[in-house]
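Thanks for making time this morning. I would like to walk through one model with you, so please keep the sequence and the structure in view while I talk.

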Amino acid sequence: MPKIVDHDERRLELVDATWRIIARLGIEGATMREIAIEAGFANGALKPYFPTKDVLLAFAFNHVFNRTNARVAAVTAGKSGLPALRDFCREVLPLDEERVNEARIVIPFWQKAVNDEEKSAIHRASMDQWHHMILGYLGQARMNGDVTTPVPDDAIAGQLLNMLLGAQITAALAPPELTAEGPAAGQPLSAALVAQLEGYLGLLSPAR
């Protein structure tokens, strides 16, 4: 009896192999041949799943986005307002090896999206979804009295997204031994990112 192949599982294996290769060799070193070797596939066996590296990269971006959303849903279950917003941000921030590797997938995707309208549209739709989620948390926080700043929620959501995406770039480009500078000197970069987040959230209620 022929073996039944789980094609979705195979695609995810290839995505996992892709970010391992990118972490070691960078996006230019992540050739289809290297990805196939890393995943234990014959080189030609990738084509039914991903005809080109661009197609693989787009799939990998969506996979990372969906993984992040699944984590957010798990940690924000039963929460609302500022606690939910804090947990959302912490799941997007690159605070561990898994999320740093996810950032190393996302950044090459952004690079391709600059000149690829289809990828740019995927990115915009993803960020629009996160922007809407943040607005929901902020609305709840204002109802609870936890956010009192006169800065409009739409501007706050944009600032938070820019901070979170910038943190992904910082962590992806940083050597593993990098520690924070300034007042947080000596802390791991992840601790500094959390401190920056808490500092920003503290500004949302200046009168408290």
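Glutamate 97, with a relative accessibility of 63%, counts as exposed, because that value lies over the 50% cut-off. The residue belongs to helix H5, which covers residues 97–113. If you look across from there to alanine 171, you will find that glutamate 97 and alanine 171 are separated by 74 residues in sequence, while their C-alpha atoms lie 9.7 Å apart in space.

I should say clearly that this is a predicted model, and that the protein chain has an average pLDDT of 85, with 89% of the residues scoring at least 70. Residues 178–184 call for caution, since pLDDT stays under 50 throughout that stretch, for which the model has 9 contacts beyond four places in sequence. Where pLDDT is low, the predicted coordinates should not be read in detail.

Turning to the overall picture, the protein chain has 8 helices and 0 strands, so that from the N terminus on its elements read α-α-α-α-α-α-α-α. Of the 208 residues in the protein chain, 43% are buried. Among contacts with a separation of 6 or more, 67% join residues that are 24 or more positions apart.

How far apart should the ends of helix H3 be, given its 24 residues? At 1.5 Å a residue, helix H3, residues 53–76, should span 34 Å, and its end C-alpha atoms are indeed 34 Å apart, which agrees with that expectation. Just after H3 comes glycine 78, which adopts a positive phi of about 80 degrees.

Next, consider helix H4, residues 81–92, whose axis comes within 11 Å of that of H8, the two crossing at roughly 150 degrees. Because angles over 145 degrees count as roughly antiparallel, that is how H4 and H8 are described relative to each other. The crossing of H4 and H8 is right-handed. On the H4 side, the contact is made by Leu82, Leu85, Arg86, Cys89 and Arg90, and on the H8 side by Val194, Leu197, Glu198 and Leu201.

Finally, in the segment after helix H8, which itself spans 189–202, we come to serine 205. Is serine 205 buried or exposed? Its relative accessibility is 10%, so serine 205 counts as buried, the cut-off being under 20%. Setting aside neighbours within four places in sequence, serine 205 is in contact with Asp146, Val147 and Thr148.

Methods:
Residues are numbered from 1 along each chain as its sequence is written. This is a predicted model: local features need pLDDT of at least 70, side-chain atom pairs count only at pLDDT 80 or more; totals for chains, interfaces and linings use all residues. Side-chain values use heavy atoms; hydrogens and water are left out. Helices (H or I, at least four residues) and strands (E, at least two) are DSSP runs, numbered from the N terminus. The expected span of a helix is 1.5 Å times one less than its number of residues. pLDDT is the predictor's confidence in each residue, from 0 to 100. Contact means heavy atoms within 4.5 Å. Buried means under 20% relative accessible area, exposed over 50%, partly exposed in between (1.4 Å probe, protein chains only). Axes are lines fitted to C-alpha atoms, for helices over the stretch in contact, and angles run from 0 to 180 degrees between N-to-C directions. Angles under 35 degrees count as roughly parallel, over 145 as roughly antiparallel, 65 to 115 as roughly perpendicular and the rest as oblique. A crossing is left-handed if the near helix is turned anticlockwise from the far one by less than a right angle, and right-handed if clockwise.
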